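Colleague: Could you take a close look at one part of this model and explain it in terms a first-year student can follow?

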Amino acid sequence: MARRPTSSRWLAEHHSDEYVKKARELGYRSRAVFKLEELDQRFRLLRSGMTVVDLGAAPGGWSQFAVNRIRPGGAIIALDILAMEPLPGVSFIQGDFREDATLARLRAELVGRPVDLILSDMAPNMSGIRGVDIPRSLYLVELALDLAQQVLRPGGTLVVKTFSGTGFDEFLRTVRANFSRVALSKPKASRSRSPETYVVASGYRAPAG
């Protein structure tokens, strides 16, 4: 099958991308690691001893960066529907985050430990149709928020990738009702044409009881 022009352009841009080159030089699994690095520098997300859940983790760039920041004593549980090569210090669960069975495996892995930080770089398979892609994206971030309400410790932090569109403002209002500090950030490593934005919500207000 002939490669479409858009695919050829994407590949050419990908291979010339400064963050792709930098990731290869430093041995990181993806260019996305530099998004988390910038978010961490700005918001001081990662500290030694933390328990972290990484949603949509494959190929593992975020977990790869985070695991070195939470040592000693920290723990990372990574989830993805795709397979991921093992990473030292990272527990990986392969499964669909939307399914109860996968969440049950996560809870079993946590063995009752409250979570300090939930990271989500999840995104749906993009069709290029905003009316389709935005609702799919919001569904994923709503699931991440629901998980936060179940396992995040009081004062904990949630970081999710979102796409602006119908329903985004309502989602943001819900996040602000559950966290004391909420910020929006687009790291420099995000491609300029990408509509992605990261919501960084800290100071989780856990319900009484």
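Modeller: The answer below deals with the packing of helices α3 and α4, then with loop residues beside them. The model is predicted, so local features need pLDDT of at least 70 and side-chain atom pairs pLDDT 80 or more, while totals for chains, interfaces and linings use all residues. Residues are numbered from 1 along each chain as its sequence is written, and side-chain values use heavy atoms, without hydrogens and water.

Helix α3 spans residues 33-43 and helix α4 residues 61-69 (helices are DSSP runs of H or I, at least four residues, and strands runs of E, at least two, numbered from the N terminus). Their axes lie 8 Å apart at an angle of about 40° (lines fitted to C-alpha atoms over the stretch in contact, with angles from 0 to 180 degrees between N-to-C directions). That makes α3 oblique to α4 (neither under 35, over 145, nor 65 to 115 degrees). The crossing is right-handed (the near helix is turned clockwise from the far one by less than a right angle).

On α3, the contact (heavy atoms within 4.5 Å) is made by V33, K35, L36, E37, L39 and D40. On α4, G61, W62, F65, A66 and R69 take part. By class, six residues are nonpolar, one is polar and four are charged (Ala, Val, Leu, Ile, Met, Phe, Trp, Tyr, Cys and Pro are nonpolar, Asp, Glu, Lys and Arg charged, the others, Gly among them, polar).

Now the loops. R44, in the loop between α3 and β1, has a positive phi near 55° although it is not glycine. P59 lies in the loop between β1 and α4, and the peptide bond from A58 to P59 is cis, with omega near 5°. The loop between α4 and β2 holds P72, where the bond from R71 is also cis, with omega near -5°.
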